[in-house]
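Please open the model in your viewer and keep a selection panel at hand; the stops below say what to select next and what is found there.

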Amino acid sequence: MEKLPGGRRMVSSLGLGQRCWEVTLDEERGRLSWRHPPRGAGENCFVPTSEIIAVEETELNKKQRNIGKWQKMEKPYAFTVYYVKRARNHRWRCSDVTFWCVDEHLCNQWIQALKEILEMQKSRPKQLLVYINPYGGKRQGKRIYEQKVAPLFSLASISTDVVITEHANHAKDNLFEVNINKYDGVVCVGGDGMFSEVMHGLIGRMQKDSGIDQNNPKAPLVQCNIRIGIIPAGSTDCICYSTVGISDPVTSALHIIVGDCQPLDVSSVHHKNTFLKYSVSLLGYGFYGDILKDSEKKRWMGPIRYDYSGLKTFLSHHYYEGTICFQPAKHTLGSPRDKDSCRTGCYICKKSEQQLAEQHKERGLKHEDEEEWKVIKGKFLAINAVNMSCACPRSPKGLSPAAHLADGSADLILVRKCSRFDFLRYLVRHTNQDDQFDFSFVDVYRVKSFQFTSKLSEDNESNVTDIGKKRFGHFCRDHPVCCCNIANSTWNCDGETLDSSAIEVRVHCQLMKLFARGIEEKCKDEAAYSQSSDEQLL
């Protein structure tokens, strides 16, 4: 064994299968590698130490020890390294490799060195609070956690307190009561609704402890430093898909174990100085609001209700008249029409956050309302505001492919009244690679806040704020009779309906954090990380 001063590097000849490999632990480069040096270049495999899950002493079974040259050797000592192995489409799996030697002391040295490396990973959670929704999706949440996630947490020596939710807002209410400081993170097992409940509980608890009034739409909210982990097990898992790249429980569990951290913007939604909801994915009025409103009456149909309500809403082709007033997000580097998608270590998110912080330091939040506002009046089939791409398996690019997770802005998409055929063309582009904003009836803006009021609710709800009341002015009353007067639409806020159509929305930059790292640019070839399992068998 070679061990350089300071414990920076360990090199040993260890057995892997029936061959001898040169195994190197390089602390400075942060990688464990093993190389078989026959003639030629040889085979070289490695794994980043940040993606090692656990290391355990291993007892080789009798079948392995009775193979070939094992019979002529002393008792072997072995240890197994469990690590993240990348598969296709951003999927992660837990793989393992077992090394052996005849020197017990050498084996123990390797186990000790690897465990010390793991102890140095300070971002990894040791104690988690887990909420499981047993009723969401196909009612598989509890089974998914017990069979796929809990064994991985146990392997990584993570302690958990598990709460099975029994009613709506159970997790949210519980988060206001528990000693939150004893946990390194909160995990929710369910769909987007379960995540929303946990998010509201955590943000609400943080503001309450800090003395912040959530009903004040201009209040600077306190950032949540406790990360949330999402184990997808619901009807819709848009947030997980948009932040990890796949909706897969094992992949999400491994992101939690290695301690990944992804900041996330959150939008606060108010009506007349009354707090309504927080949103991290979609705020949709018109088409998506009508789908949600109709589907809520058909929960007995299961997930297929969204398809049924979607078709029904498309055929009804309702449009709604109203006024949007918004502040452009001038601090951001990108735009909704560029091709710069948000990826792991996103430069646009980092730089935009820095510029926004500098602006706040120079001007202060109280002067934000003095900045430029734009007003748009019209008849809309859909008004969508998204904090992320909102990608999902059916729409791999999402509603806004270039939306960023943590740049302090939302993409505001206005779909004006058009023919059914044109609207269908727009919807179809969510499923292919064509530019979905390349229509004369679609406008998209990157904003940091906006206000909306519908024409029908002018008398009762137009004065969202005094500022908004002055800006909106009078609505056009040229056409009192039209199909939009059947009723107001409903706001779809991350899959939940809002009671008011007149709302005020403000984006809070990086208000919370997830156990994720964003979508990686390219999945690295599995072969670069590990030898195939067949070749590792003794």
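A salt bridge here is a side-chain nitrogen of Lys or Arg within 4 Å of a carboxyl oxygen of Asp or Glu. The model is a predicted one, in which local features need pLDDT of at least 70 and side-chain atom pairs count only at pLDDT 80 or more, while totals for chains, interfaces and linings use all residues. Residues are numbered from 1 along each chain as its sequence is written, and side-chain values use heavy atoms, with hydrogens and water left out.

**Salt bridges**

The structure holds 21 salt bridges. Select Lys312 and Asp294 to begin with, whose side chains meet in one of them at 3.0 Å, N to O. This pair links distant parts of the chain, since Lys312 sits in helix α9 (residues 305–316) and Asp294 in helix α8 (residues 287–295), 18 residues apart; helices (H or I, at least four residues) and strands (E, at least two) are DSSP runs, numbered from the N terminus. Lys312 is partly exposed at 40% relative accessibility, whereas Asp294, at 10%, counts as buried. These words have fixed cut-offs: buried means under 20% relative accessible area, exposed over 50%, and partly exposed in between, with a 1.4 Å probe and protein chains only.

Next, select Glu372 and Lys330, whose side chains form a salt bridge at 2.9 Å, N to O. Glu372 lies in the loop between α10 (347–363) and β17 (374–386) and Lys330 in the loop between β16 (320–328) and α10, so the pair ties together parts that are 42 residues apart in sequence. Glu372 is partly exposed at 37% relative accessibility, and Lys330 is exposed with a relative accessible area of 60%.

Move on to Asp435 and Arg337, where the side chains meet in a salt bridge of 2.8 Å, N to O. Here Asp435 belongs to the loop between α11 and β19 and Arg337 to the loop between β16 and α10, so that this pair links distant parts of the chain, 98 residues apart. Both residues are worth colouring by accessibility: Asp435 is partly exposed at 26%, and Arg337 is partly exposed at 42%. To close this part, select Glu51, Arg86, Asp260, Arg517 and Glu520, which are joined into one network by salt bridges that share partners.

**A buried glutamine**

Which backbone oxygens does the side chain of Gln436 reach? Select Gln436, found in the loop between α11 (420–428) and β19 (442–454), and note that its relative accessibility of 1% counts as buried. A polar atom of its side chain lies 3.0 Å from the backbone oxygen of Gly398, and the side chain of Gln436 also reaches the backbone oxygen of Leu399 at 2.5 Å.

**A glycine in a loop**

Select Gly17, in the loop between β2 (9–16) and β3 (19–26), which counts as buried at 0% relative accessibility. Then add Thr98: the two are 81 residues apart in sequence and 8.0 Å apart in space, C-alpha to C-alpha.

**The last stop**

Finally, select Glu104, which is placed in helix α2 (residues 104–119) and is partly exposed, with a relative accessible area of 42%.

How values were computed. Polar contact = N/O pair within 3.5 Å; in protein donor to acceptor, adjacent residues only side chain to side chain.
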